[in-house]
Amino acid sequence: MTDTPVTEMSFEQAMSELEKVLGQLERGDVALDESIALYERGAALKKRCEEKLKEAEEKVAAITLDADGAPTGTKPVTGL
């Protein structure tokens, strides 16, 4: 686990650490206390990923919808 607070992580950072946490838990070779700490960190990382995805969805909606919520007719970004 990194020392970076979860609330300061990018989506990519949180997802990367979450994958590591899941790997440790799946191996099952950690003590109960550490497993609980890993589970709690994983839950926080999952929440951070969900928050960052929600932010991205809101940005996309703001770009593609007008003030009334109707599509603006803009072309989607390609090549990402």
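1. A quick word on accessible area before we start: here it comes from the Shrake-Rupley method with a 1.4 Å probe. By that reckoning, the chain exposes about 6200 Å², and carbon and sulfur atoms supply 57% of it. Keep in mind that this is a predicted model.

2. Now the overall layout. You'll find 2 helices and 0 strands in the chain. Of its 80 residues, 19% are buried. Looking at contacts with a separation of 6 or more, 54% come from residues 24 or more positions apart.

3. Have a look at helix α1, which covers residues 11–27. How far apart should its ends be? At 1.5 Å a residue, its 17 residues should span 24 Å, and the end C-alpha atoms are indeed 24 Å apart, so the two values agree. Right after α1 comes G28, which has a positive phi, near 70°.

4. Which residues of α1 are buried? They are A14, E17, L18, V21 and G23. These buried residues pack against α2, residues 32–64.

5. On to the largest nonpolar core, which has 9 residues. A14, L18 and V21 belong to this core, along with V6, M9, V30, L38, L45 and C49. Two elements, α1 and α2, each give two or more residues to the core.

6. One last thing, from the records: an unreviewed UniProt entry lists residues 39–66 as a "coiled-coil region". In the model, that stretch is 93% helix and 0% strand, with its end C-alpha atoms 41 Å apart.

Terms used. Residues are numbered from 1 along each chain as its sequence is written. This is a predicted model: local features need pLDDT of at least 70, side-chain atom pairs count only at pLDDT 80 or more; totals for chains, interfaces and linings use all residues. Side-chain values use heavy atoms; hydrogens and water are left out. UniProt positions are given in the numbering used here, feature names are shortened, and annotations may be inferred rather than shown by experiment. Helices (H or I, at least four residues) and strands (E, at least two) are DSSP runs, numbered from the N terminus. The expected span of a helix is 1.5 Å times one less than its number of residues. Buried means under 20% relative accessible area, exposed over 50%, partly exposed in between (1.4 Å probe, protein chains only). Contact means heavy atoms within 4.5 Å. A nonpolar core is a set of buried Ala, Val, Leu, Ile, Met, Phe, Trp, Tyr and Cys residues joined through side-chain atoms within 4.5 Å.
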